[in-house]
Amino acid sequence: MPKCPKCTKEVYFAERVTSLGKDWHRPCLKCEKCNKTLSAGSHAEHEGKPYCNNPCYAALFGPKGFGRGGAESHEYK
């Protein structure tokens with residue numbers, strides 16, 4: 001029986017959601033940042049953890065700075 005990567009309990013066939021190459025319980029497949037419940041295939045992944053595409057993944061790992069891409073997006077430090 002496969003184990004859920006979030007809660008580490010067994011995932012039975014009737015409650016299984018497959019995403020990121022693993023089997024999850026539906027309520028366990030949540031965004032790591034905002035905790036929103038995700039559906040399989042409609043989210044992004046970073047280091048094996050699920051994130052909702054917008055706004056969490058884009059805000060955390062997308063382009064930074066004013067304009068989000070383009071000449072004005074350089075970030076000065």
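**Reading the features of a predicted model**

Me: How many disulfides does the structure hold?

Reply: A disulfide is a covalent bond between the sulfur atoms of two cysteines. The structure holds zero disulfides, where the term means a pair of cysteine sulfur atoms within 2.5 Å. This is a predicted model, in which local features need pLDDT of at least 70 and side-chain atom pairs count only at pLDDT 80 or more, while totals for chains, interfaces and linings use all residues. Residues are numbered from 1 along each chain as its sequence is written, and side-chain values use heavy atoms, with hydrogens and water left out.

Me: Why is there no bond at Cys 28 or Cys 52?

Reply: For Cys 28, the closest cysteine sulfur is that of Cys 4, at 3.8 Å, which is too far for a bond. For Cys 52, the closest cysteine sulfur belongs to Cys 56, and 3.5 Å is again too far for a bond. Cys 28 is buried because its relative accessible area is 15%, and Cys 52 is buried at 3%. Here buried means under 20% relative accessible area, exposed over 50%, and partly exposed in between, with a 1.4 Å probe and protein chains only.

Me: How many salt bridges does a search of the whole structure find, and which side chains meet?

Reply: Side chains of opposite charge can pair when their charged atoms come close. The search finds one salt bridge, defined as a side-chain nitrogen of Lys or Arg within 4 Å of a carboxyl oxygen of Asp or Glu. Lys 6 and Glu 32 form it, at 3.1 Å from N to O. The pair links distant parts of the chain, 26 residues apart: Lys 6 is in the segment before β1 (16-19), and Glu 32 is in the loop between β2 (22-25) and β3. Strands (E, at least two residues) and helices (H or I, at least four) are DSSP runs numbered from the N terminus. Lys 6 counts as partly exposed at 40% relative accessibility, and Glu 32 is partly exposed at 34%.

Me: How many aromatic pairs does the structure hold?

Reply: A pair of aromatic rings is described by the distance of the centres and the angle of the planes. The structure holds two aromatic pairs. Rings of Phe, Tyr and Trp (its six-membered ring) pair if their centres lie within 6.5 Å; planes under 30 degrees apart are stacked, over 60 edge-to-face, and the rest tilted. Tyr 51 and Phe 61 have ring centres 5.3 Å apart and planes at 75 degrees, so this pair is edge-to-face. This pair links distant parts of the chain, with Tyr 51 in strand β4 (residues 49-52) and Phe 61 ten residues away in helix α1 (residues 53-61). Tyr 57 and Phe 61 make a tilted pair, with 5.3 Å between centres and 50 degrees between planes. Tyr 57 and Phe 61 are four residues apart in helix α1, so about one helical turn separates them. Tyr 51, Tyr 57 and Phe 61 form one aromatic cluster.

Me: Which of these three rings' residues are buried and which partly exposed?

Reply: Tyr 51 is buried at 10% relative accessible area. Phe 61 is partly exposed at 32%, and Tyr 57 is partly exposed at 27%.

Me: What surrounds His 43 and His 25?

Reply: His 43 lies in strand β3 (residues 43-46) and counts as buried at 12% relative accessibility. Its side chain makes a polar contact with the side chain of Ser 19 at 2.7 Å. A polar contact is a pair of N or O atoms within 3.5 Å; within protein, one must be able to donate a hydrogen and the other to accept it, and residues adjacent in sequence count only if both atoms are side-chain atoms. Beyond neighbours within four places in sequence, His 43 is in contact (heavy atoms within 4.5 Å) with residues including Leu 20, Leu 29 and Tyr 51. His 25, in strand β2, is buried at 10%. A polar atom of the His 25 side chain lies 3.0 Å from the backbone oxygen of Glu 10. Among the residues that His 25 touches, not counting those up to four places away in sequence, are Cys 4, Cys 7 and Val 11.

Me: Where do unusual backbone angles occur?

Reply: Most residues other than glycine have a negative phi, and most peptide bonds are trans. Asn 54 and Pro 55 are joined by a cis peptide bond with omega about 5 degrees, and Pro 55 is in helix α1. Thr 8 has a positive phi of about 65 degrees although it is not a glycine; Thr 8 counts as exposed at 55% relative accessibility. Asn 35 has a positive phi near 70 degrees and is in the loop between β2 and β3.
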